[in-house]
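Colleague: I'm new to this one. Could you show it to me and explain why you use the words you use?

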Amino acid sequence: MLFKKKEIEILAPVTGEVMSLENMQDDVFNRGTLGKGIAIIPKENEIYAPVTGIVTSLFPTLHTIGITTKENLELLIHIGINTVNLGGMGFEAKVVEKAGVRAGTLLLMVDINKIKREGYNVITPIVICNPNDFKEIIYRETGKVNKGDVIMKVRL
């Protein structure tokens, strides 16, 4: 007998410090306009896939990447605040749109120090864009997190 998976674990895409979206200095995220989730202040330059799925969006400026799982969970990783203005400077894609990825796949290389030197905040929201499609989302509230640690659980 096969058992149906009852939850999706979302892993930290980068090592850093967790904070709530509500505490962000960006109204699009702190008001939940794009969805629900958490943010990480990154300490490293590599951004990894937090789930297994398909890369459904990769902005030309490389500051935002979307992944959709087989359970139709739509996840967005947005590196920094207003980093779209950098036009891709400091970002290097390691995947392409429509690529299949496994949790832990390297998605982007990001020069965190360069972005900070340009005057941008590097806080990185990880947002579930379709939270109402699921029964419950459990968030890691605060604290240090290592790449690959569970930061959210989504009950199907």
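Modeller: Here it is, and we can go through the sheets, the pairings and a few loop residues. This is a predicted model, where local features need pLDDT of at least 70, side-chain atom pairs count only at pLDDT 80 or more, and totals for chains, interfaces and linings use all residues. Residues are numbered from 1 along each chain as its sequence is written, and side-chain values use heavy atoms, with hydrogens and water left out.

Colleague: What makes 100–101 a strand, β9?

Modeller: Strands are DSSP runs of E with at least two residues, numbered from the N terminus (helices are runs of H or I, at least four residues). The run 100–101 is listed as β9, so it counts as a strand under that rule.

Colleague: How do you know that β5 and β9 pair?

Modeller: Two strands pair if DSSP finds at least two bridges between them. Strand β5 (residues 53–58) and β9 have two bridges, in the antiparallel sense, so they meet the rule. As an example, G53 has V101 in β9 as its bridge partner.

Colleague: Why are β9 and β13 called edge strands?

Modeller: Each of them pairs on one side only. They sit at the ends of the order β9-β5-β6-β7-β11-β3-β2-β13, an open antiparallel sheet of eight strands.

Colleague: What joins β7 to β6 and to β11?

Modeller: Five bridges join β7 to strand β6 (residues 64–68), running antiparallel, and I67 stands opposite L75. With strand β11 (residues 124–128), β7 shares three antiparallel bridges; there I77 has I126 as its partner.

Colleague: Why is β7 described as mostly covered?

Modeller: Buried means under 20% relative accessible area, exposed over 50%, and partly exposed in between (1.4 Å probe, protein chains only). Four of the five residues of β7 (74–78) are buried.

Colleague: Why is K98 called exposed, and N82 partly exposed?

Modeller: K98 has a relative accessible area of 66%, so it is exposed. N82 has 45%, so it is partly exposed. K98 lies in the loop between β8 and β9, with a positive phi of about 80° although it is not a glycine. N82 is in the loop between β7 and β8, and its phi is near 60°.

Colleague: Which strands make up the three-strand sheet?

Modeller: That open sheet has the order β1-β14-β12, with antiparallel pairing. Its edge strands are β1 (7–11) and β12 (136–139). Four bridges join β12 to β14 (residues 150–155), and Y139 has M152 as its bridge partner.
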